[in-house]
Protein chains: 2
Amino acid sequence: MIIDCHGHYTTAPAAHQRFRDAQIAGLKDPAAAPAAPGSISDDEIRETIETNQLKLQKQRGTDLTIFSPRASAMGHHVGNEAVSAAWARANNDLIKRVVDLYPESFAGVCQLPQSPGVPIAHSVRELERCVRDLGFVGCNLNPDPSGGHWNSPPLTDRHWYPFYEKMVELGVPAMVHVSASCNPNFHATGAHYINADTTAFMQFIEADLFRDFPSLKCGIPHGGGAVPYHWGRYRGLADMLKRPPLAEHVMKNVFFDTCVYHQAGIDLLLRVIDVDNILFGSEMIGAVRGIDPQTGFHFDDTKRYVDASALSAADKSRIFATNARRVFPRLDAMLKAQGR
Amino acid sequence: MIIDCHGHYTTAPAAHQRFRDAQIAGLKDPAAAPAAPGSISDDEIRETIETNQLKLQKQRGTDLTIFSPRASAMGHHVGNEAVSAAWARANNDLIKRVVDLYPESFAGVCQLPQSPGVPIAHSVRELERCVRDLGFVGCNLNPDPSGGHWNSPPLTDRHWYPFYEKMVELGVPAMVHVSASCNPNFHATGAHYINADTTAFMQFIEADLFRDFPSLKCGIPHGGGAVPYHWGRYRGLADMLKRPPLAEHVMKNVFFDTCVYHQAGIDLLLRVIDVDNILFGSEMIGAVRGIDPQTGFHFDDTKRYVDASALSAADKSRIFATNARRVFPRLDAMLKAQGR
């Protein structure tokens, strides 16, 4: 079995984007009635999924995608708390419909209704709704709801603790994932995403978050940002800062995905990071959609790189499935209920 | 011959830091006379260099360090333009004294007097002084003088062009290097440095800076941030953004150093980046000062990793010296004048 831990509904029907556009247009006219989510038929959902994510699952030989709303469209910096709450809810409801239509091919992960300056505690209710009512197995947590201005407290600040308490209570992990950048210095998928991954990991080194929440689980996407490439630097910095070794200080709680789009990068990841800390992911259909002229295959067909690596079959199966079932216990329960 | 392209005077005599402390204390009292650089004897400089950088050069078998003021202490976000100008000048004068004392072991690279919101054109005069009067061979350019708030225009914006014009005229490259972070989200050496490297590279992809300045040369330190690890992503993004292939669009002008503190990271760098785009560097004495328990050697003894790589002797000598002499033509001229 092959579980892709990192997929987004980047191909949602046009009515969904029209709702977002109406929301944004409404920001200019506070007296206007709030926009309402568009009407989307099951057939429209089937069309967008079957010609895209489901087709690629079959082509590439993966079985199930842990599926969340389009990350770059979360846009937590747009509008206010009410706008963000309505947008998150509509996105999550749409993910739920995908999962209901294809319960063996997708598991839901929610977008949170974050807004700059709004306590993260306000996101707890939507997390509970998604996990308890919609059956989702995790969430995407944005460490920078400002979209590139980085004016929230670090992820290890007590500001975030009420949310972690709820995550632990519900037994769901978070993938640390920023959204679009409104800072012209940072290209979203080429800089902001990767920087956020690197930043989060270093925050974890500096603090004692996982002493306070020993069972908290955080995924860092895009292969852990710059971290595996600079693994010596991070081991050395932990030592200089008199932190415990990374294996016990951070790596009981943190997981990197395989969204690294070339063989050499995946080989490095597998060489330096313990296999138990790696989750298969492709980020498809997402950041990079083209075909690599050097290989003739899609850049984001990351299964090929893992397949071609020197890992044993047993280790590959941990990356492809076992680790994800451990990190996402609600996914594991769901799969067991399906007899898988 | 082995040239280390990335070293900082992190061990400057105490009087130098006392000057900085007095500068910072003076910020609270605008009526006070500006602080003056401390008195430092040649013997004090010899002591701090011979027991540190020069000792490590000998131990590790390197010949010359391209040497600049301590990057984390540039502190462009502290004070105002006048404070930054005086601090940069004092730092550069100190580097000049090191070079004069050890002209075969060090070549100077200058800190610039940047300040948030101040046009970069104001840095041109100090660059000219350092190159023409002090004989420096390059400069360190801070893409984020705010120290982690990232509110300057991208490096490819015309804001920066007057400075690039002067660089080209003088025939000196810049190393893109941020300073300390005053944003609690970003640990300086563990996040801010690496993020800045990644960010700069993506800015170069998005724009046409090197079409406008075909002879401009920029070093991206710390092994290019996250870029080599995500080389497939960057090749794919260039393609998606309809930019030319990286080899012609960026890599005629951009160089990565070898400040990557473990063998696997260096092996990746050498595997994906053309050998002509790699400059040997160690960042010593700098970000990570400890000994790697896995090897028994200093993390930042990066020569060991290059030595242990599978590269041919000819390719190693390009990384160790030939490339640096090409990227720093004034260094090459200086070495030739020394008969080297």
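**View 1. The open sheet of chain A.** In this predicted model, 8 strands of chain A form an open sheet with parallel pairing. Their order is S1-S2-S3-S4-S5-S6-S7-S8. Strand S1 (3-9) and strand S8 (278-279) stand at the edges of the sheet. Each has a single partner strand, so one side of each lacks a neighbour in the sheet. Strands of a sheet pair through backbone hydrogen bonds.

**View 2. Strands S2 and S3 of chain A.** S2 (residues 64-69) and S3 (residues 106-111) of chain A pair in the parallel sense over 3 bridges. Which residue of S3(A) stands opposite Thr65(A)? Phe106(A) does.

**View 3. Helix H7 in each chain.** In chain A, H7 (residues 188-206) packs on the sheet. H7 of chain A touches strands S5 (174-176), S6 (218-220) and S7 (254-257). Its direction makes about 140° with that of S6(A). In chain B, H7 (residues 188-206) has 19 residues. H7(B) reaches 25 Å from its first C-alpha to its last, close to the expected 27 Å. Of its 19 residues, 18 are buried.

**View 4. The largest nonpolar core.** This core has 177 residues. Phe201(A), Phe204(A), Phe201(B) and Phe204(B) touch the most other members. Beyond its close sequence neighbours, Phe201(B) is in contact with several residues, including Trp231(B), Tyr234(B), Met251(B) and Phe256(B).

**View 5. The axis between the chains.** A turn of 180° and a shift of 0.0 Å along the axis lay chain A on chain B with an RMSD of 0.0 Å. That is the relation of a two-fold axis. In chain A, the C-alpha of Ala226(A) is nearest the axis, at 2.1 Å. Of the interface residues of chain A, 100% are also interface residues in chain B, so the copies meet through the same surface.

Key:
Residues numbered from 1 in each chain as written. Chains lettered and ligands numbered in written order. Predicted model: local features only at pLDDT ≥ 70, side-chain atom pairs only at ≥ 80, totals over all residues. Heavy atoms only, no water. Core = buried A, V, L, I, M, F, W, Y, C linked by side-chain atoms within 4.5 Å. Buried < 20%, exposed > 50% of the residue type's maximum accessible area, 1.4 Å probe, protein only. Contact = heavy atoms within 4.5 Å. Pairing = 2+ DSSP bridges. Helix = DSSP H or I, 4+ residues; strand = E, 2+ residues; numbered from the N terminus. Axes fitted to C-alpha atoms, helices over the stretch in contact; angles between N-to-C directions. Expected span 1.5 Å × (residues − 1). Least-squares fit on C-alpha atoms with pLDDT ≥ 70 in both. Lists of a residue's contacts leave out its neighbours within four places in sequence.
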